[in-house]
Each structure stands twice: as C-alpha cells, then as structure tokens.
Amino acid sequence: LKFIGTDDFCTVSSGRKVLYNGEEMSLTALTQMLLETSQPLQPSPKWTYEGKRLSDIYEETYEV
C-alpha cells in the first residue's frame, strides 16, 4: 500500500495489520503516525493499492 502524497509504503501482514519499517501495526495507527495526529480517522482514503484508493476499492466491492 502507498500513502498518498508521500513515498511511504507498507505491506499487509494479516487481515488487520500492516508492516511498516519492520513494525507491525494497524493501518489506522500508521496513518495517525504519518500524519502526526492522535485524532480518530478513517485511513482508507489516504492509501492506494495499485494506484487506486482503498476507500474506492471498498465502495466498489461492497457497493456502498
């Protein structure tokens, strides 16, 4: 997965975790870290997979 607007990447390691610089964490925690915030947020609009936003992939998959 690629973080929008930067060169940061992470790898999905399990159903709910990603690997970033060798550390396993949730995508939400990683997004908060990269944005330097502790505010609750939805991470999917900030990440892409093969050039497509995760939020768009979700909406297409579940017809939201």
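**Rings and fold, by the cut-offs**

Me: Why does Trp 47 count as buried?

Reply: Trp 47 comes out at 0% relative accessibility. The cut-off for buried is under 20%, so Trp 47 goes in that class. Bear in mind that this is a predicted model.

Me: And what makes Phe 3 count as buried?

Reply: Its relative accessibility is 4%. Buried means under 20%, so Phe 3 counts as buried.

Me: How many aromatic pairs does a search of the whole structure find?

Reply: Two aromatic pairs turn up.

Me: Why is the pair of Phe 3 and Trp 47 called edge-to-face?

Reply: Take the distance first. The ring centres lie 4.9 Å apart, and rings pair if their centres are within 6.5 Å. Then the angle: the planes sit at 65°, and over 60 degrees counts as edge-to-face. So edge-to-face is the label for Phe 3 and Trp 47.

Me: How do you know that this pair links distant parts of the chain?

Reply: Look at where the partners sit. Phe 3 belongs to strand 1 (residues 2-3) and Trp 47 to strand 5 (residues 47-49), with their positions 44 residues apart in the count.

Me: What about Tyr 58 and Tyr 62: why is that pair called tilted?

Reply: Their rings are 4.7 Å apart, centre to centre, which is within the 6.5 Å limit for a pair. The planes make 45°. Stacked needs under 30 degrees and edge-to-face over 60, with the rest called tilted, so this pair is tilted.

Me: Where do Tyr 58 and Tyr 62 lie?

Reply: Both are in helix 2 (residues 54-62), four residues apart, which is about one turn of the helix.

Me: Why does Tyr 58 count as partly exposed?

Reply: Tyr 58 has 46% relative accessibility. Buried is under 20% and exposed is over 50%, with partly exposed in between, so Tyr 58 counts as partly exposed.

Me: What puts Tyr 62 in the class it has?

Reply: Tyr 62 has a relative accessible area of 56%. Exposed starts over 50%, so Tyr 62 is exposed.

Me: Stepping back, which elements does the chain have?

Reply: Two helices and six strands, running β-β-β-β-α-β-β-α from the N terminus.

Me: How do you know that the chain is as compact as a globular protein of that length?

Reply: The radius of gyration is 12 Å, and the globule rule gives 11 Å for 64 residues. Those values are close, so the chain is as compact as a globular protein of that length.

Technical notes:
Residues are numbered from 1 along each chain as its sequence is written. This is a predicted model: local features need pLDDT of at least 70, side-chain atom pairs count only at pLDDT 80 or more; totals for chains, interfaces and linings use all residues. Side-chain values use heavy atoms; hydrogens and water are left out. The radius of gyration is taken over C-alpha atoms; the globule rule is 2.2 Å times the number of residues to the power 0.38. Rings of Phe, Tyr and Trp (its six-membered ring) pair if their centres lie within 6.5 Å; planes under 30 degrees apart count as stacked, over 60 as edge-to-face and the rest as tilted. Buried means under 20% relative accessible area, exposed over 50%, partly exposed in between (1.4 Å probe, protein chains only).
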